[in-house]
Amino acid sequence: MSSADHGRIETRRIWCSTALNAYLDFPHVGQVFLIERESIRKKTGDYSREIALGLTSRTPQEASPQRVLAVNRGHWSIESVHYIIDWNYDEDRSRIHTGFGPENISRLRRFAVGILKSFQKPNQSIAELMRKLSFRTRLVFDYLRMTNNSATVSLRN
């Protein structure tokens with residue numbers, strides 16, 4: 001699988017096998033996999049190669065190599081949300097630690113990131129968009145139509 005994304009050309013390959021299952025001292029192993037990722041930066045031509053090994057409880061009948069690769073790739077999109085929240089909200093150092101406070105504030109932050117991502121320009125970071133909105137809070141109220149005289153504006157402006 002190849003893709004041109006974020007200024008680089010990526011190629012991902014996957015190999016899956018059940019041949020090692022009997023040798024692994026790990027419960028419920030369905031298959032093992034090896035993912036090879038190659039990346040070439042378009043501007044500089046820099047090349048990188050990465051190999052990841054893993055296992056899944058899904059058998060080949062339950063998860064094809066394409067499915068295993070898609071799930072693995074989806075995992076990193078979830079990790080990117082964790083990174084965005086930690087970096088922009090400094091969540092790891094939050095002092096909210098009693099009752100349902102941590103869970104509630106985390107959900108509010110994830111909700112906010114989801115909204116921000118829906119208005120994010122292709123080359124715009126969430127941090128940049130947050131800075132823009134912190135100086136133009138009226139845009140937030142207008143978008144959410146929180147006032148009677150909300151203008152019809154787009155955050156993309």
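Begin with the whole surface: the protein exposes about 11,700 Å², of which carbon and sulfur atoms supply 55%, with accessible areas taken from the Shrake-Rupley method with a 1.4 Å probe, and for residues only the protein chains shown counting as cover. This is a predicted model, in which local features need pLDDT of at least 70 and side-chain atom pairs count only at pLDDT 80 or more, while totals for chains, interfaces and linings use all residues. Residues are numbered from 1 along each chain as its sequence is written, and side-chain values use heavy atoms, with hydrogens and water left out.

Next, colour by pLDDT (the predictor's confidence in each residue, from 0 to 100): the mean for the protein is 82, and 86% of its residues reach 70 or more. Select strand β1 (residues 2–5), which has the lowest mean pLDDT among the elements, 53, and then strand β3 (residues 31–41), which has the highest, 93.

Switch to a cartoon view and follow the chain from the N terminus, where the elements run β-β-β-β-α-α-α-α; helices (H or I, at least four residues) and strands (E, at least two) are DSSP runs, numbered from the N terminus.

Now select Tyr-23, in the loop between β2 (8–17) and β3; Tyr-23 counts as exposed because its relative accessibility is 69%, where exposed means over 50%, buried under 20% and partly exposed in between. Of the 157 residues of the protein, 24% count as buried.

Finally, look at contacts (heavy atoms within 4.5 Å): among those between residues at least 6 apart in sequence, 45% join residues at least 24 apart.

Terms used:
Buried < 20%, exposed > 50% of the residue type's maximum accessible area, 1.4 Å probe, protein only.
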